[in-house]
Amino acid sequence: MRYISTRGQAPALNFEDVLLAGLASDGGLYVPENLPRFTVEEIASWAGLPYHELAFRVMRPFVAGSIADADFKRILEETYGVFAHKAVAPLTQLGANEWVLELFQGPTLAFKDFALQLLGRLLDHVLTRRNERVVIMGATSGDTGSAAIEGCKACDNVDIFIMHPHNRVSEVQRRQMTTILGDNIHNIAIEGNFDDCQEMVKASFADQGFLKGTRLVAVNSINWARIMAQIVYYFHAALQLGAPHRSVAFSVPTGNFGDIFAGYLARNMGLPVNQLIVATNRNDILHRFMSGNRYDKDTLHPSLSPSMDIMVSSNFERLLFDLHGRNGAAVSALMDSFKATGKLAVEDERWTEARRLFDSLAVDDEGTCATIAEVHGETGYLLDPHTAIGVKAARECRRSLALPMVILGTAHPVKFPEAVEKAGIGAAPQLPAHLADLFQRAERCTVLPNDLKAVQAFVSQHGNRGKPL
Ligand SMILES: *Cc1c(COP(=O)(O)O)cnc(C)c1O
């Protein structure tokens, strides 16, 4: 499989190089040159497969030519073997034809484990073969950091530096990062906010002199491998509920448009999906686009669902590419003008097409808490605030009561106790067994000023198994 850039200028790459690449050299994002398409018979024949075997069938075309079948099978079996639930991504029924897909049974209790457990193992495999070491730098507002650290902690060829805003992530989130000890794991608390952390990652990708030739790899959702891994659970859920003989709807709590973009790809690969709902919090740039063709940058509104607190959605460019008939020059012009003005709108017929593909809703903190309370009252089931936004959007935007509606359960409620408390239901979520002693574990973390030079000096001092590069 070959991958091309959404801006049309960068060279096409194979899977292995896309795995190791950040942004394309023209500033775009990599997407498959041709999407595989499965027949109804093929999809039907996958019913009942264990998760890792389904994953092999769905993702095989994307890694073809880079990872041998036998290696890929073994990697997938290991990856999804670490999940706490035997079903890996179990479905829980909330109401008539209404289901939560629990994507929080992995090591860090959020859906990001699906992609980052795989990414870490794929990197290890490829880097061992190339006899190469890399440095990962990532910024996190909470969930990405712990999932990336858990995914990469066993990779001998990777030193991973994760920056989080000092004192601005929840204690569970911080401890999930800082209690993973290892020479190649480096937690940095930046005296600044999430955007400051993100800016320093971007600046480091743009100017890599401080790395003395060591390659820098991205773990945020601009990395194609993350999107690829997320396609699988759409197939998994739909097959449980009668696909491909029956169509299924999905409601997806969304920030950077990564998770829902994977659902869009699943549909384009032949999965019968009758509805995809973009569910946002008050940071609703995607809802403003879907409902009014206004993709305009706004200020950040901190919310009870912090993993969706974004100003712009980095993966939206991948959709724009398709909406413009895969014309890289058109996307490039749009993104340049967005960079200059902070505003973006598309031609009417393209916007109409986007509305045909997606429904959307924005849900504020009040609506989030009300939904947590409502569902708890109906079923005793406790939702995390991100999943609650998905449930609310599913109930408001649903087109057919006769077809199954699947809400992506993106996190375990124990990660976000504040929202659960505000919902006023008197139930406190408990840590699962494998994290029961989280608050007793030793932590390791370095606090650094909000200063690029200081961060880059720290990376070059510790980037080679904790020693200088
Ligand atoms: C990252 C995250 C999201 C948003 O996912 P995107 O791919 O950025 O849309 C939603 N919920 C939780 C719990 C997350 O960690």
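Helices here (H or I, at least four residues) and strands (E, at least two) are DSSP runs, numbered from the N terminus. With that in hand, one loop to find is the stretch between helix H9 (224-240) and strand S10 (248-253), where Pro244 sits. The peptide bond from Ala243 to Pro244 is cis, with omega near 5 degrees.

Before going on, a word on what you're looking at. This is a predicted model, in which local features need pLDDT of at least 70 and side-chain atom pairs count only at pLDDT 80 or more, while totals for chains, interfaces and linings use all residues. Residues are numbered from 1 along each chain as its sequence is written, and side-chain values use heavy atoms, with hydrogens and water left out.

Now step back to the whole chain. It has 18 helices and 14 strands. The radius of gyration, taken over C-alpha atoms, is compared with a globule rule of 2.2 Å times the number of residues to the power 0.38. The chain comes out at 21 Å, close to the 23 Å that the rule gives for 469 residues, so it is as compact as a globular protein of that length. Along the principal axes, the C-alpha atoms fill a box of roughly 60 × 50 × 50 Å. Buried means under 20% relative accessible area, exposed means over 50%, and partly exposed is in between (1.4 Å probe, protein chains only). By that yardstick, 59% of the 469 residues are buried. Contact means heavy atoms within 4.5 Å. Among contacts between residues at least 6 apart in sequence, 76% join residues at least 24 apart.

UniProt offers some labels for parts of the chain. Its positions are given in the numbering used here, feature names are shortened, and annotations may be inferred rather than shown by experiment. An unreviewed entry there places "domain: Threonine synthase N-terminal" at residues 2-80. That span is 46% helix and 11% strand, and its end C-alpha atoms are 26 Å apart. The UniProt annotation "domain: Tryptophan synthase beta chain-like PALP", also from an unreviewed entry, covers residues 93-348. Here the figures are 43% helix and 18% strand, with the end C-alpha atoms 39 Å apart.

One single residue gets a label too: UniProt lists Lys112 for "modified residue: N6-(pyridoxal phosphate)lysine" (unreviewed entry). You'll find Lys112 in helix H5 (residues 112-130). Lys112 is buried, with a relative accessible area of 12%. Leaving aside residues up to four places away in sequence, Lys112 touches Asp143, Thr144, Ala147 and Arg226.

Next, try helix H11 (residues 285-292), which is mostly covered: six of its eight residues are buried. Those six are Ile285, Leu286, His287, Arg288, Phe289 and Met290. What covers them includes strand S11 (273-280), helix H12 (316-323), helix H14 and strand S12 (359-362). Right after H11 comes Asn293, whose phi is positive, near 55 degrees.

Two other residues are worth a look for their backbone angles. Lys212 isn't a glycine, yet has a positive phi of about 50 degrees. Lys212 is in the loop between helix H8 and strand S9 (215-217), and at 59% relative accessibility this lysine counts as exposed. Phe257 isn't a glycine either, and its positive phi is about 70 degrees. Phe257 is in the loop between S10 and helix H10 (258-268), but this phenylalanine is buried, with a relative accessible area of 0%.

Further along, Gly342 lies in the loop between helix H13 (328-341) and helix H14 (348-357). Gly342 is buried at 14% relative accessible area. Apart from residues up to four places away in sequence, Gly342 touches Tyr295, Asp296, Lys297 and Ser337.

Let's finish with an opening in the protein. On a 1 Å grid over the protein atoms alone, a pocket is an open set of points where a 1.4 Å probe fits, with protein on both sides within 12 Å along at least five of seven lines; lining residues have an atom within 4 Å of a point. The second largest pocket is lined by 20 residues, and the closest to its centre are Arg168, Pro302, Ser303, Pro306 and Asp309. Helix H8 (194-206) and helix H17 (417-422) are the elements that give two or more residues to this lining, and H17 gives the most, with three.
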